[in-house]
Amino acid sequence: MTVGDGRMEAFRSEVGDSGAVCVRGGATRWGVGGGSAGAREVSAPVGIMALEPAEMTVMVGAGTTLTELAGELAVHGLEVGMDGPQGSTVGGALAVGRSALRRRRVGQIADVLLQADCVGADGVAFTAGGPTVKNVTGYDLCRLLVGSLGTLALVGRVILRTRPVPVCSVWLAGEVEPDLVLEATYRPASVLWDGARTSVLLEGHGADVDQMVETLARLGLAAAEPPVLAPGRGRWSGLLPDGGVLEVGAGVVHQPDDSGPPIVSEGVLNLAARMRASFDPSGRLNPGRDPYSRAA
Amino acid sequence: MSDLVAALDPERVQVGDVARRLYSRDASVLRGGRAGVICFPVTTAEVSACVVAAVAHGRDFVVRGAGTGLAGGAVPCDEPVMIVLTRMDRILEVDESRRLAWVEPGVVNLDLSRHLGGTGLHFAPDPSSQQSCTIGGNVANNSGGPHCLLYGVTSAHVLAVEVVLPDGEVVVLGNEEGDSVGYDLRGAFVGGEGTLGIATRICVRLTEDPPEVATLLLDFMSVGAAAETVSAIIAAGMIPAALEMMDQRVVEAVEPFVNAGYPTDAAAVLIVELDGQPAGVADEIMRIGELASTHGARSVRVAADEGERERIWKGRKSAFGAIAVIKPDYYLNDTVIPRTKLAEVVERIYEIVEEQDLIVMNVFHAGDGNLHPLLLFDAREEGVMERVLAAGEEIVRVSVAAGGVLSGEHGIGLEKKRFMSLQFSPADLEVQSRLRAAFDPDGRANPAKVLPSGASCGHVTSLGRLPEGTWV
């Protein structure tokens, strides 16, 4: 509710109330949804502001890199369920809104964001969500902001849900159908399939992981390096493109190029357009970006 | 009326006094609602026709499931068209391999998990009303339940939702895969309390049944010691599937009914449920046992078998039924506070209730700091409702002052909209109204709810304080 931190006030002032503007984070996925189109670039506050292990929350400037955050959380045996290319910031990862590769274990990225301190198109600071791990007070602005590419509001500071780092973690791979791997395991963190070979990330207590490794060995899976994934991303439509790797259970294909824009109904596009106009009537926030165009 | 009869079967459109009285209230303490025509559509097209007819005649519309809501979200103001979805109760599709199901909104929460028996899958949100509440209602309120500590509230389990927007248009928000395409309009819709449109088909995520489950009962001589144990478990990096607290008055009330072997002389008991794989669960049982002893637990009991496990849970789940022997009426509040403030806030709640000369029972989701103080009273007692509401308001104020929020799972409805400004600034509320306006520019969907601005509902009051001329 209150934006008492001087850095947030500076951020609000920098965003101002007129002229095209966008926030630049690590710019690791700067082209997603279009570019900045010459909009004035501002930076979000950087740094960890409050880490509460007993609450399982962390308050962090949106300009903080995921690497810095992960390093600080690791000291306490904690992590957040987000990932991104080297150099990605917390705000950038939220704006792009892609769930972590380990989503089967850590959940969707939309469930990580508890509170966001933002600046609206009118230059007024506001808070979305709340600081507690459970909260259904009012409308769920946080989920709406995740994946919105900074077109509804600019996020300066957030409170994220943390979770314990798994005790044990191991990648296995082998030429076997992914369904067989799913049947033989309990809640694997990630299951990837390239059309011939399945890679699986197992996490948990050491003895439980050992037991699953033994079971999977009988299916022909052996310890492997974490797979290197292509930067592009498309939706699975039953066929894997050349060089594509499917995230089983997420419907996402990692591929050399991004595929064309996804098919969304006209009714949804109209609703989305009303949403954008309602939040940003003059179209000053990230004017070059469209969350419905996934072109890189 | 004639438009509605033309769109639906005539017997599925009702205007009689009995029906209007029945649909004028929900499970909250709010009374004095005024329902207009009541419709029972059975298809998406019929829901859309009801919405279009309502709007064409300048009427608001209010959607409703089983009416188990506790915040007055389904209480009608100014005779709106009531759209009741309990007859849309089919489970349309279960895809076991992709772990999802499409259901209609009137499917009862527990019926879905029963239907899934034998598949090794279940629907994770488990509100206490799960035997009667509907999945459409769960979506509207973003409902929780004990096991949401580990698995997350309803929003984390809704992949897609077909919605009739307030102009009658039908859209599908979200997709079967999960990550949103464009704006997460699905995420914005869930928890909208019927003010953003009407869910007519819901694609839910199904959760694998855990191979191993352990239920522990810990008892303490003070609420503070129990609360410290909760914080210690979380701080040690463990997230139990559920972590519930019951105070002495609850234990004394339920033990005669369930014979679970709760220690009735304990100031508080914790129910801790651990699930997952055998070695991980065994390790956590040991670590929690040690933490509990360090923090003053008198005993730590691990349920030996399924029967014992069920008895421990039965006490927790039947708490609200057992209170009837103490007082005929209750007011159940719902706030969330930081877990580390549990002891201090619960202590303050006892004081507040004492000041108002009332009785309180505390049975709540301690693991995520979600308080459920249950105020007991007899509505026939002169002036009691004023004291109940005063205590409720003070509990909300204390929770927010401790860094908490107004609601963890019941929603805002009519009950708490006047408190929204305790948690949110005018700018925060203005942004929320922008989200709402994008879905419902003309303000026809359940307009008097959630946000303090906009339509009021002056004729609704609380149990026991009915104004002159109310026909309820």
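The following dialogue examines how terms are applied to chain B and to several salt bridges of a predicted model.

Visitor: What conventions apply to this model?

Guide: The model is predicted, so local features need pLDDT of at least 70 and side-chain atom pairs count only at pLDDT 80 or more, while totals for chains, interfaces and linings use all residues. Residues are numbered from 1 along each chain as its sequence is written, chains are lettered from A and ligands numbered from 1 in the order in which they are written, and side-chain values use heavy atoms, with hydrogens and water left out.

Visitor: What makes chain B as compact as a globular protein of its length?

Guide: Chain B comprises 16 helices and 22 strands, where helices are DSSP runs of H or I with at least four residues and strands are runs of E with at least two. Its radius of gyration is 22 Å, close to the 23 Å given by the globule rule for 472 residues, so chain B is as compact as a globular protein of that length. The radius is taken over C-alpha atoms, and the rule is 2.2 Å times the number of residues to the power 0.38.

Visitor: Why is the pair A:Asp122 and B:Arg434 called a salt bridge?

Guide: The term requires a side-chain nitrogen of Lys or Arg within 4 Å of a carboxyl oxygen of Asp or Glu. The N to O distance between A:Asp122 and B:Arg434 is 3.0 Å, so the pair qualifies. This pair crosses between chains, from the loop between β6 (113-119) and β7 (125-129) of chain A to helix α16 (residues 426-439) of chain B.

Visitor: Why is B:Arg434 called buried?

Guide: Buried means under 20% relative accessible area, exposed over 50%, and partly exposed in between, with a 1.4 Å probe and protein chains only. B:Arg434 has 11% and is therefore buried, whereas A:Asp122, at 37%, is partly exposed.

Visitor: Why is B:Glu355 called exposed?

Guide: Its relative accessible area is 56%, so B:Glu355 lies over the limit for exposed residues. B:Glu355 forms a salt bridge with B:Arg348, their closest N and O atoms being 3.6 Å apart. B:Arg348 has 26% and is therefore partly exposed.

Visitor: How do you know that A:Arg102 and A:Glu203 form a salt bridge?

Guide: Their side chains meet at 2.6 Å, N to O, so the criterion is satisfied. A:Arg102 lies in the loop between α3 (90-96) and α4 (103-106), and A:Glu203 in strand β12 (residues 198-204), 101 residues apart. Both A:Arg102 and A:Glu203 are buried. They belong to a network of salt bridges with A:Glu79 and A:Arg163.
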